[in-house]
Structures are given as C-alpha cells and as structure tokens.
Amino acid sequence: MRFKWDYDFVKLSKYFYTFSIVVTIAGIISLAVFGLNYSVDFRSGSNVDITLTKPLTEQQVKPVIDKLDFGEAADISNGSAERLSIRFENVLTDTQENQLKQAFTKDLDSGASFEVNTVDPTIAKELERNAIYAVLLASLGIIIYVTIRFEWRFAVASVVALLHDAFLVISVFSIFRLEVDLTFITAVLTIIGYSLNDTIVIFDRIRENMRFAKQKKSGDVATIVNKSISQTMTRSLNTVLTVFIACLFLFILGSESIRMFSLAMMIGLAFGAYSSIFIASPLWLVLKNKQKPKAKTPSKTTA
C-alpha cells in the first residue's frame with residue numbers, strides 16, 4: 001500500500017526557507033573571512049599523498065619536513081591511519097621530491113609509497129575559472145530549456161533551487177574547512193543534475209494538475225502544489241535514498257581520492273531532497289500568485 005503524504009508543504013516551507021537563509025548567511029560570512037580550503041588542484045604547489053605501513057602523527061612528521069627546508073611551510077594532515085597528505089605552497093623540483101622520499105623512508109616509514117601531484121599557478125587559475133564557467137553555463141542552459149519546456153516561472157524557481165543546493169554545499173565545505181578539489185566540482189555539477197530532475201518531476205505534475213483544475217485562485221493553486229508534491233514524494237525519496245546509500249558506502253569504503261566527492265554528494269542530496277519540495281515549488285507558487293489575471297473578453301450581444 002502506497003504511503004499518503006497528506007501535508008501542507010507550502011505552509012511548512014517557511015521553516016526550510018529560514019534554515020536555508022541561516023546556512024546561506026553563515027556560508028557567506030565563512031567564505032568572506034576564510035574562503036575555501038582549496039586543494040593543490042586550485043592552488044599552485046605540490047601535494048604529496050603518502051600511503052603508510054604504520055600510523056604516524058603530524059608531530060612525528062613535521063620535524064623531518066622542516067629539516068628539508070624547501071621554503072614555504074608545509075601543511076600536514078592525516079586523512080586516515082594509513083594515509084598522510086603533505087602540501088607545499090611552492091612547486092617541488094625532481095631533486096626535492098627525491099630528498100623528501102629519502103628522508104621520509106629513512107626516518108619515519110621505510111615501506112611508505114608516494115604520489116606527488118603538482119600544479120603550476122597558470123593551470124590552477126584556469127581550473128578555478130573553468131569550474132565557475134561550468135556552473136554558470138549549466139544554469140543558463142537549464143533556464144533556456146525549462147522556459148521552453150514549461151514557462152519562465154518554472155525556470156526561475158528551478159534555477160534558484162539548484163543554485164541554493166550548490167551554494168549550501170559550498171558553504172558547508174567552507175564552514176568546516178573541508179578540502180575542495182576537482183572531484184568536488186564534479187559532485188556539485190552532479191548534484192545540480194539530481195536536484196533539477198526532482199524539481200522537474202514535481203513541476204510536470206503541477207502543470208498536469210493545473211490543466212485539469214476547475215478553479216485556479218490563490219488557495220486553489222496552493223492545494224494543487226501540495227497535491228502534486230504528495231503524488232511525487234515517494235518517487236523523489238526513493239531516487240534520493242538510492243543514490244545516498246551508494247554515496248555513503250563509497251565514503252566509508254572508498255579510497256581517499258573519492259572521499260570528498262562522496263561527502264559532497266551526500267550533503268548535496270540532502271539539500272536537494274528538500275529544495276525541490278520546500279524551495280522550488282513554493283517559490284513558483286509565489287511567482288504564480290503575482291501573475292495578473294487575464295482580462296475577460298466581453299461577450300458579444302446580438303441585436
């Protein structure tokens with residue numbers, strides 16, 4: 001038996017608007033003060049990922065790195081008991097890479113293996129610029145498509161919802177100082193796709209129910225929105241939960257390289273699950289209620 005979602009979603013949306021506004025303000029403040037914790041993909045320098053054969057702490061590693069004196073201070077972080085990441089602000093030469101490996105295997109862990117990723121300043125700036133262009137072009141394409149497929153009010157509401165999801169994920173990563181790399185950008189674009197998919201499903205049902213509705217006053221349209229969300233709720237939740245569970249196990253069991261991707265996906269799916277219901281649809285309702293009623297054509301009277 002299918003569960004009946006008989007709730008006033010339009011009325012409940014004010015609480016979710018408040019939550020989103022609070023997180024957005026916190027994100028703006030965090031971005032203004034701290035910015036994002038960019039990985040080496042977006043910052044020039046070298047990132048050394050080390051697979052360990054025994055646990056090591058930052059306090060054990062730092063004296064060995066400082067002794068090498070490569071110029072800029074290194075940022076050392078433990079991804080897990082088996083993984084260690086060392087980030088240098090300057091680009092390491094081949095000689096410096098060899099010195100680092102020799103010192104580490106000699107003084108800390110003889111069985112350690114190394115992966116060195118280097119990005120120069122020009123490539124870092126280009127990657128950051130292209131990431132912004134990708135999100136903006138995706139949003140523009142969505143506006144054009146949804147306007148043609150539905151109407152401009154649906155387009156505005158859907159783009160606001162997807163930008164809401166993307167910005168809230170960025171805000172969470174900024175607030176908690178989580179690392180932003182290329183896989184994070186992939187996750188954000190994927191989240192936009194999932195968010196838009198759920199939103200379009202609800203909008204399609206709203207349009208269908210509007211077509212057969214006898215009355216279309218303000219209260220009647222709100223009832224139609226609630227009814228449309230109820231009819232699509234089970235499908236939306238099943239879609240989100242399926243992907244969320246897959247991302248959860250990728251986060252727990254996956255390698256370090258896709259951990260931030262999985263985390264960004266889980267956060268984005270959670271925000272996207274409620275934005276389609278409590279952000280996009282009520283926003284469309286607000287825009288619809290502002291629509292001026294069409295003037296009735298006077299009927300011709302026969303002499």
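# Exercises on a predicted structure

Arg-205 and Glu-208 both belong to helix H6, where they stand 3 residues apart, about one turn of the helix. The model in which they are found is a predicted one. The exercises below begin with this pair and then move outward to the remainder of the chain.

## Exercise 1. Salt bridges within helix H6

Task: Determine which residue forms a salt bridge with Arg-205, and how far apart the closest N and O atoms are. Then treat Arg-207 in the same manner.

Solution.

Step 1. Arg-205 forms its salt bridge with Glu-208, and the closest N and O atoms are 4.0 Å apart.

Step 2. The accessibility of each partner is considered next. Arg-205 has a relative accessible area of 28% and is partly exposed. Glu-208, with 36%, is also partly exposed.

Step 3. Arg-207 forms a salt bridge with Asp-204, with 3.1 Å between the closest N and O atoms. Both residues lie in helix H6 (residues 182-212), 3 residues apart, about one turn of the helix.

Step 4. Arg-207 is partly exposed at a relative accessible area of 24%, and Asp-204 is partly exposed at 32%.

## Exercise 2. A salt bridge between two strands

Task: The count of salt bridges comes to 6. For the one formed by Glu-179 and Arg-87, state which elements are linked, and decide whether Arg-87 is buried or exposed.

Solution.

Step 1. The closest N and O atoms of Glu-179 and Arg-87 are 3.3 Å apart. Glu-179 lies in strand E6 (residues 179-180) and Arg-87 in strand E4; the two residues are 92 residues apart, and the pair links distant parts of the chain.

Step 2. A residue is buried when its relative accessible area is under 20%. Arg-87 has 6% and therefore counts as buried. Glu-179, with 29%, is partly exposed.

Step 3. The surroundings of Arg-87 may now be examined. In strand E4 (residues 83-88), 5 of the 6 residues are buried, and the strand is therefore largely enclosed by the rest of the structure.

Step 4. Strand E4 pairs with strand E2 (residues 45-51) in the antiparallel sense, over 6 bridges. Within this pairing, Val-48 has Ile-86 of E4 as its bridge partner.

## Exercise 3. The packing of H5 and H6

Task: Describe how the axes of H5 and H6 are arranged, and classify the residues in the contact.

Solution.

Step 1. Two packed helices are described by the angle between their axes and by the distance between those axes.

Step 2. The axes of H5 and H6 come within 9 Å and cross at roughly 145°. The crossing is right-handed.

Step 3. The residues from H5 include Phe-154, Ala-157, Asp-165 and Phe-173, while those from H6 include Phe-184, Ile-191, Ser-195 and Ile-206. By class, the contact has 15 nonpolar, 3 polar and 1 charged residues.

Step 4. Arg-153 also lies in helix H5 (residues 152-175). With 10% relative accessibility, Arg-153 counts as buried. Apart from its neighbours within four places in sequence, Arg-153 is in contact with Trp-284, Leu-287, Lys-288 and Gln-291.

Step 5. The loop between H5 and E6 contains Arg-177. Arg-177 is not a glycine, although its phi is positive, about 55°. At 33% relative accessibility, Arg-177 counts as partly exposed.

## Exercise 4. The packing of H1 and H8

Task: State the angle at which the axes of H1 and H8 cross, and give the handedness of the crossing.

Solution.

Step 1. The axes of helix H1 (residues 9-33) and helix H8 (residues 259-289) come within 9 Å and cross at roughly 115°. The crossing is left-handed.

Step 2. Among the H1 residues in this contact are Phe-9, Leu-12, Phe-16 and Tyr-17, which meet a set in H8 including Phe-271, Tyr-274, Pro-282 and Leu-285. By class, the contact has 14 nonpolar, 2 polar and no charged residues.

## Exercise 5. The chain as a whole

Task: State how many helices and strands the protein has, and what share of its residues is buried.

Solution.

Step 1. The protein has 8 helices and 6 strands. Read from the N terminus, the elements run α-β-β-α-β-β-α-β-α-α-β-α-α-α.

Step 2. Of the 303 residues, 42% are buried.

Step 3. Among the contacts with a separation of 6 or more, 77% are between residues 24 or more positions apart.

Note on methods: Residues are numbered from 1 along each chain as its sequence is written. This is a predicted model: local features need pLDDT of at least 70, side-chain atom pairs count only at pLDDT 80 or more; totals for chains, interfaces and linings use all residues. Side-chain values use heavy atoms; hydrogens and water are left out. Axes are lines fitted to C-alpha atoms, for helices over the stretch in contact, and angles run from 0 to 180 degrees between N-to-C directions. Helices (H or I, at least four residues) and strands (E, at least two) are DSSP runs, numbered from the N terminus. A crossing is left-handed if the near helix is turned anticlockwise from the far one by less than a right angle, and right-handed if clockwise. Contact means heavy atoms within 4.5 Å. Ala, Val, Leu, Ile, Met, Phe, Trp, Tyr, Cys and Pro count as nonpolar, Asp, Glu, Lys and Arg as charged, and the others, Gly among them, as polar. Buried means under 20% relative accessible area, exposed over 50%, partly exposed in between (1.4 Å probe, protein chains only). Two strands pair if DSSP finds at least two bridges between them. A salt bridge is a side-chain nitrogen of Lys or Arg within 4 Å of a carboxyl oxygen of Asp or Glu.
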